[in-house]
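This report describes the fold, strand pairing, aromatic contacts and selected residues of a single protein chain. The sequence and the model are shown first.

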Amino acid sequence: MTRFILMPFGSAGDVFPFLWIARLLTRAGHPVTLIGPAYFAEAAHRAGLDYLGLGTNDDFLRIASHPDLWHPLRAGPYVFAHAAKAFPDYCQAADTLNPTRADVVVC
């Protein structure tokens with residue numbers, strides 16, 4: 001069996017495809033852990049998946065509702081700034097899960 005760590009960053013459009021992939025991998029007998037925004041932890045757990053949520057629901061909602069996220073020129077820099085801030089947390093979480101035992105890590 002191949003052990004997977006999946007790390008979606010972003011909104012439902014980013015996270016839910018990873019949940020679907022994780023369910024397929026789990027059904028095929030592979031151990032899978034997801035690391036992503038805490039906002040999606042309940043959906044992952046309802047799907048029977050191992051999910052490590054980062055941040056808080058309030059953090060996610062604050063970022064997702066900011067007007068710059070929907071601005072055609074400011075959205076890119078806004079998303080990249082938040083990705084850069086979150087990157088160390090994702091790395092630390094993956095390190096906590098001991099990625100040396102993971103065969104595949106997908107971000």
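## Aromatic pairs

At 37% relative accessibility, Y39 is partly exposed, whereas its sequence neighbour F40 is buried, with a relative accessible area of 4%. Both belong to one aromatic cluster, whose members are F16, Y39, F40 and F60.

The model is a predicted one, and five aromatic pairs are counted in it. One of them joins F9 and Y90: their ring centres lie 5.9 Å apart and their planes meet at 65°, so this pair is edge-to-face, given that angles over 60 degrees are classed in that way. F9 sits in the loop between β1 (4-6) and α1 (12-27), while Y90 is part of helix α4 (residues 75-96); the pair therefore ties together parts that are 81 residues apart in sequence. The two partners differ in accessibility class: F9 is partly exposed, with a relative accessible area of 34%, and Y90 is buried, at 9%. The rings of Y39 and F40 also form an edge-to-face pair, because their centres are 5.2 Å apart and their planes stand at 85°.

## Confidence of the model

The predicted chain has a mean pLDDT of 93, and 98% of its residues reach 70 or more. Confidence is highest in helix α2 (residues 41-46), with a mean of 97. The lowest value belongs to strand β4 (residues 104-106), where the mean is 91.

## Overall architecture

Four helices and four strands make up the secondary structure of the chain. Read from the N terminus, the order of elements is β-α-β-α-β-α-α-β. The chain is as compact as a globular protein of its length, because its radius of gyration of 14 Å is close to the 13 Å that the globule rule gives for 107 residues.

The C-alpha trace spans about 45 × 25 × 20 Å along its principal axes. Of the 107 residues, 34% count as buried. Among contacts with a sequence separation of 6 or more, 58% are between residues 24 or more positions apart.

## Strand pairing and crossovers

Strand β2 (residues 32-37) is paired with both β1 and β3. Its pairing with β1 is parallel and comprises three bridges; within it, F4 stands opposite V32 of β2. The connection from β1 to β2 passes through α1, and this β-α-β crossover is right-handed.

On the other pairing, five bridges join β2 to strand β3 (residues 50-54), and the two strands run parallel. T33 has D50 in β3 as its bridge partner, and L34 is bridged to Y51 in β3. The chain crosses from β2 to β3 through α2, in a β-α-β crossover that is likewise right-handed. As for burial, six of the six residues of β2 are buried, so this strand is largely enclosed by the rest of the structure.

## Selected buried helix residues

Three helix residues can be described in terms of their surroundings; the contacts given for each leave aside neighbours within four places in sequence. H82 lies in helix α4. At 15% relative accessibility it falls under the 20% limit and therefore counts as buried. H82 is in contact with F9 and I63; F9 is the residue whose ring pairs with that of Y90. A75 is also found in helix α4 and is buried, with a relative accessibility of 16%. The residues touched by A75 are D68 and L69.

A43 is located in helix α2, the element with the highest mean confidence. It is buried, at 15% relative accessibility. A43 touches F16 and L19, and F16 is a member of the aromatic cluster that includes Y39, F40 and F60. By contrast, A43 and W70, which are 27 residues apart along the chain, have their C-alpha atoms separated by 24 Å.

Terms used. Residues are numbered from 1 along each chain as its sequence is written. This is a predicted model: local features need pLDDT of at least 70, side-chain atom pairs count only at pLDDT 80 or more; totals for chains, interfaces and linings use all residues. Side-chain values use heavy atoms; hydrogens and water are left out. pLDDT is the predictor's confidence in each residue, from 0 to 100. Rings of Phe, Tyr and Trp (its six-membered ring) pair if their centres lie within 6.5 Å; planes under 30 degrees apart count as stacked, over 60 as edge-to-face and the rest as tilted. Buried means under 20% relative accessible area, exposed over 50%, partly exposed in between (1.4 Å probe, protein chains only). Two strands pair if DSSP finds at least two bridges between them. A crossover is right-handed if, with the strands pointing away from the viewer, the path from the first strand over the helix to the second runs clockwise. Contact means heavy atoms within 4.5 Å. The radius of gyration is taken over C-alpha atoms; the globule rule is 2.2 Å times the number of residues to the power 0.38.
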